[in-house]
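This briefing concerns a predicted model. Its topics are nonpolar packing and the arrangement of a sheet.

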Amino acid sequence: MDPSTEEVETKHVDIRPISSSQPNSQDEVYVHKVEIPPKQNLFVEFKGIVKETFLADDPLRPFKNQPRSRKFFLGIQAVFPIIEWAKDYNFTKFRGDLIAGLTIASLCIPQDIGYAKLANLDPQYGLYSSFVPPLVYALMGSSRDIAIGPVAVVSLLLGTLLQDEIDPKKNAFEYRRLAFTATFFAGITQATLGIFRLGFLIDFLSHAAIVGFMGGAAITITLQQLKGFLGIKNFTKKSDIVSVMKSVFKAAHHGWNWQTIVIGASFLSFLLFTKYIGRKKRNLFWVPAIAPLISVVISTFFVFITRADKQGVQIVKHIEKGINPSSVDEIYFSGEYLIKGLRIGVVAGLIALTEAVAIGRTFASMKDYQLDGNKEMVALGTMNIVGSMTSCFVATGSFSRSAVNYMAGCHTAVSNIVMSCVVFLTLGAASLIWKIDKFDFVACMGTFFGVVFYSVEIGLLIAVSISFAKILLQVTRPRTAILGKVPRTNVYRNIQQYPKATKIPGVLIVRVDSAIYFSNSNYIKERILRWLTNEEEAKKAANEPRIHSLIVEMSPVTDIDTSGIHALEELYKSLQKRDVQLVLANPGPVVIDKLHASHFANLIGDEKMFLTVADAVSSCSPKLVEQV
């Protein structure tokens, strides 16, 4: 063998012999040394981090090794996915999309009017928002199943935030201008997140927080409907449950209209019955879908022939005819309402985006196709920007409508051209959240009660606050575990998860399940010493041999900073005073590089760092390992 080759192989393997405890043994046990990764150029390392953060899905891969004309076509196709799937479009797909679109369209008129009312806008603006945005999304969206239009939660949020700035009755024109301004900036926010690939920011609103917010918003929406259900004319502008119920009971003696209650209760029962039918027989999914439209037609006819509007039953009255008028000149691009519109738009845009992306991913998973989250953000943002200029308020996707779209057999976004409006109410996931994560349940309930008992803004504030609190708690108080040897293997696992795993006499094995940073380094050091103290006390009480070695399993430790290294140094010094040796097992490439750069590796010695826990234990107590 070539001497240079032999030298390279020796450096790469770098094994150390450990004498066997068996007498007259001819074999030697070789333990592999933990290798130091090659030094990376700072620019290359930074480039890798940036790529992994913003370009993890490698969006430029299809453009590699392509001629310029092909790259141009792929670029256009990336912006307008309709070009890609339109090539394979056929009559069979069109038939499915047509049926799905017509089914969803039956929800359009009644729901759009209702959601416009939640946003404190005239009914035609709800209809406008189900015309232009779905068309834009059909051109630019990558989801085949998501259905676009106004949604209950976003409409309520928009109406609540807008009326805090302008009274919708006294200053209807200025209120409408602010609504279009907020919609414009909601679109800008969504498109910006997509263009700069910052979609990960919406993950700061956890699933539990979103469910809590949606549930609280659902209760708030229900409470707001009491005004129309009971026929109350003078109703509170506040949305919290206490103010609403006070307003309801205050009007009980003279403000309720019995004709309105009878009509409302009758058609509510009808809608609930059709929903029950749709759940019992899935092939009749279209029954609850068309029920709202049937309710509107029948109730309108009933009020007309009985002249119930003369008896106090409130009606929609006049709805403006024609397609969307331009509203470009109504958007505030300067003045005091510019900042207010920006603030409201950012909040509404993020909530709408979170809802739409979650829905799109759900149905993409069900149909087993890829959904580009950043493209979705750009599409949603563009449709809201265009919508703000054509008299629309914030539109997004809805799970309930998308579910009907899916069950009706849609194939592509063509169904968006004829579908509209939505109801998105859910609290049923709360029990599942409780089973999975108690902290998530706290976030869910905190958000729910914040929305119900105070306001939408407070609910959102609670959602974000609890989500950040959870992140901080996980970062500052990471999990640690005592490891034991699984019988008849060389595998070491958490003794709580594997009760049959046995501890090695004289050796304490601790695993740290987190990166070690300034925020948690002191806690990790103290927690390890506390583990050691508890074990020593238990050994002393049982008259067992003392702990002479502490092995820290570092495979979950993805990174370490200077504070973390300082904490390891203090841990090493504390162990020296107790006559306990510190041993590290399986530090990753980033960690081992920093340990050598800081000279900590020299402090404890290279011979105290091992590739596996089994190697480390064999080095510390080879005879005891064989006995175990």
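L162 touches Y175, L178, A179, A182 and I344, leaving aside residues up to four places away in sequence. Together with L158, L162 touches the most other members of the largest nonpolar core, which holds 49 residues. In soluble globular proteins, nonpolar side chains tend to be buried together.

**Nonpolar cores**

- Two or more residues of the largest core come from each of helix 7 (123-128), helix 8 (132-140), helix 9 (152-163), helix 10 (172-195), helix 15 (336-367) and helix 16 (373-388).
- Among these contributors, helix 15 gives the most, with 10 residues.
- A second core, separate from the largest one, comprises 32 residues, including I547, L550, V580 and I592.

**Sheet order and edges**

- An open sheet is formed by 6 strands, which follow the order 6-5-7-8-9-10 with mixed pairing.
- Strand 6 (492-494) and strand 10 (609-610) each have a single partner strand and stand at the edges, so one side of each is left without a neighbour in the sheet.

**Strands 5 and 7, and the helix packed on the sheet**

- The pairing of strand 5 (residues 480-485) with strand 7 (residues 507-512) is antiparallel and runs over 3 bridges.
- Within this pairing, A481 stands opposite R511 of strand 7.
- Helix 21 (residues 521-541) packs on the sheet, where it touches strand 5, strand 7 and strand 8 (549-553).
- The direction of helix 21 makes about 150 degrees with that of strand 7.

Technical notes:
Residues are numbered from 1 along each chain as its sequence is written. This is a predicted model: local features need pLDDT of at least 70, side-chain atom pairs count only at pLDDT 80 or more; totals for chains, interfaces and linings use all residues. Side-chain values use heavy atoms; hydrogens and water are left out. Two strands pair if DSSP finds at least two bridges between them. Helices (H or I, at least four residues) and strands (E, at least two) are DSSP runs, numbered from the N terminus. Contact means heavy atoms within 4.5 Å. Axes are lines fitted to C-alpha atoms, for helices over the stretch in contact, and angles run from 0 to 180 degrees between N-to-C directions. A nonpolar core is a set of buried Ala, Val, Leu, Ile, Met, Phe, Trp, Tyr and Cys residues joined through side-chain atoms within 4.5 Å. Buried means under 20% relative accessible area, exposed over 50%, partly exposed in between (1.4 Å probe, protein chains only).
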